[in-house]
Amino acid sequence: MRHFTNVHDLGDLHLALQEALEIKKDRTKYVELGRNKTLLMVFFNSSLRTRLSTQKAAMNLGMNVIVLDVNQGAWKLETERGVIMDGDKSEHLLEAIPVMGCYCDVIGVRSFARFESREDDYSEKIITQFIQYSGRPVFSMEAATGHPLQSFADWITIEEHKTKERPKVVLTWAPHPKALPQAVPNSFAQWMVAVGYDVVITHPEGYELDERFTKGATIEYDQMKAFEGADFIYAKNWSAASPENYGQILSKDMDWTVSSRQMAVTDNAYFMHCLPVRRNMIVTDDVIEGPRSLVIPEAANREISATVVLKKILENL
Ligand code: AN0
Ligand code: CP
């Protein structure tokens with residue numbers, strides 16, 4: 001594998017899952033693979049889990065790691081070509097990217113949707129430029145429209161906990177005070193369909209996700225109906241994805257907050273969320289603290305998904 005921005009980059013998914021379970025038993029089994037190789041992690045946005053788990057994954061593989069927080073200490077970067085740079089931005093991404101490539105062997109990029117233009121976000125303008133101009137393998141640490149390292153970890157977590165061959169997995173929208181990207185729900189829907197689960201997505205009208213990610217899933221606008229018989233509930237807020245309302249908040253309806261009321265109609269479902277989560281907006285205290293909550297095992301599996309992805313990239317260097 002050269003670059004990783006999508007479930008389809010990983011190749012045979014079931015082999016990848018076996019590798020993940022093998023690595024989980026012996027995390028440093030491939031510690032020689034990354035010796036004298038350097039990972040550069042570039043963050044345009046905040047992170048707790050991705051930062052720590054990806055660095056840990058690189059350490060499992062014996063790599064050296066450099067972390068760059070672009071907005072804290074680096075020059076402000078211009079991203080548009082053709083701009084007269086007489087404002088506050090001192091450097092252009094078109095120089096910065098190849099320079100970054102000089103100091104490392106692999107680059108991880110976190111660059112959220114900016115909500116300035118749906119076209120720019122959905123063409124993955126920033127991470128695509130890293131792929132084009134860095135000369136290095138690039139992987140997504142959450143880009144504008146996807147967060148595949150998260151979905152891979154979510155999949156590992158479901159495989160570890162499922163009791164049915166083909167569980168019912170429900171992705172539910174939940175309210176949030178700020179406009180959030182569609183990256184996590186996009187990747188989750190796409191990954192869950194790709195591995196063949198029974199996938200239902202529920203959200204208020206207007207929150208339809210792009211079909212390129214949801215094809216194969218069932219859309220159900222009635223949240224209670226969607227939850228019936230579910231084995232896994234995956235909550236997430238996202239802002240509107242449609243061209244007409246792109247990036248807007250259309251609802252803050254607290255009836256959608258996941259509580260014991262909805263969990264009661266599931267088949268004793270597990271609760272999942274990628275974190276960070278706002279309690280009593282997305283999910284009530286009792287559900288996230290309850291015995292069926294998987295939020296911590298999911299986060300733990302981020303180290304595993306990142307180790308598998310980095311291993312595959314290193315094997316192809
Ligand atoms: C981000 C998002 O919704 O995409 C990161 C989630 C992993 N969340 C926030 O910005 C709160
Ligand atoms: N789930 C996740 O990616 O968390 P961070 O934003 O803290 O990295």
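**Two ligands and the space around them**

Visitor: How many residues of the shell around ligand 2 are nonpolar, polar and charged?

Guide: The shell around ligand 2 has 3 nonpolar, 4 polar and 3 charged residues. Here Ala, Val, Leu, Ile, Met, Phe, Trp, Tyr, Cys and Pro count as nonpolar, Asp, Glu, Lys and Arg as charged, and the others, Gly among them, as polar. One caution about what you're looking at: this is a predicted model, with local features needing pLDDT of at least 70 and side-chain atom pairs pLDDT 80 or more, while totals for chains, interfaces and linings use all residues. Residues count from 1 along each chain as its sequence is written, chains are lettered from A and ligands numbered from 1 in the order in which they are written, and side-chain values use heavy atoms, leaving out hydrogens and water.

Visitor: Which residues are around ligand 2?

Guide: A residue is near a molecule if one of its heavy atoms lies within 4 Å of it. For ligand 2 you'll find Ser47, Leu48, Arg49, Thr50, Arg110, His147, Gln150, Cys274, Leu275 and Arg302. Both domain 1 (7-146 + 302-314) and domain 2 (150-299) give residues to that shell, so ligand 2 lies between them. Those bounds come from an automatic or database domain assignment.

Visitor: Which polar side-chain atom lies 2.6 Å from an oxygen atom of ligand 2?

Guide: Look for a polar contact, a pair of N or O atoms within 3.5 Å. Thr50 provides that side-chain atom. The backbone joins in too, with a polar atom of Leu48 2.6 Å from an oxygen atom of ligand 2. Then there's His147, whose side chain has an N or O atom 2.9 Å from a ligand 2 oxygen. On its own, ligand 2 has 250 Å² of accessible area (Shrake-Rupley method, 1.4 Å probe), and the protein covers 93% of it.

Visitor: What about ligand 1: which residues are around it?

Guide: Phe112, Glu142, His147, Leu180, Pro181, Lys236, Cys274, Leu275 and Pro276 surround ligand 1. That shell splits into 6 nonpolar, 1 polar and 2 charged residues. A polar side-chain atom of Glu142 is 2.6 Å from an oxygen atom of ligand 1, and the side chain of Lys236 places an N or O atom 2.7 Å from a ligand 1 oxygen. Taken alone, ligand 1 exposes 330 Å², of which the protein buries 82%.

Visitor: Where does ligand 2 sit?

Guide: Rolling a probe the size of a water molecule over the atoms shows where empty space is left. On a 1 Å grid over the protein atoms alone, a pocket is an open set of points with protein on both sides within 12 Å along at least five of seven lines; a cavity is a set where a 1.4 Å probe fits but cannot get out; lining residues have an atom within 4 Å of a point. Ligand 2 sits in the largest pocket, and the space taken by ligand 1 is the largest pocket too. To "sit" there, more than half of a molecule's atoms must lie within 2 Å of the grid points.

Visitor: Which residues are closest to the centre of the largest pocket?

Guide: The largest pocket holds about 500 Å³ of space. Of its 25 lining residues, Arg110, Phe112, Leu180, Leu275 and Pro276 are closest to the centre. The whole lining divides into 9 nonpolar, 9 polar and 7 charged residues.

Visitor: How many cavities of 30 Å³ or more does the structure hold?

Guide: There is 1, with about 60 Å³ of space. Among the residues lining this largest cavity are Ser111, Phe112, Asp120 and Ala144.

Technical notes
Polar contact = N/O pair within 3.5 Å; in protein donor to acceptor, adjacent residues only side chain to side chain. Points joined across faces, edges and corners; volume = space filled by probe spheres on them.
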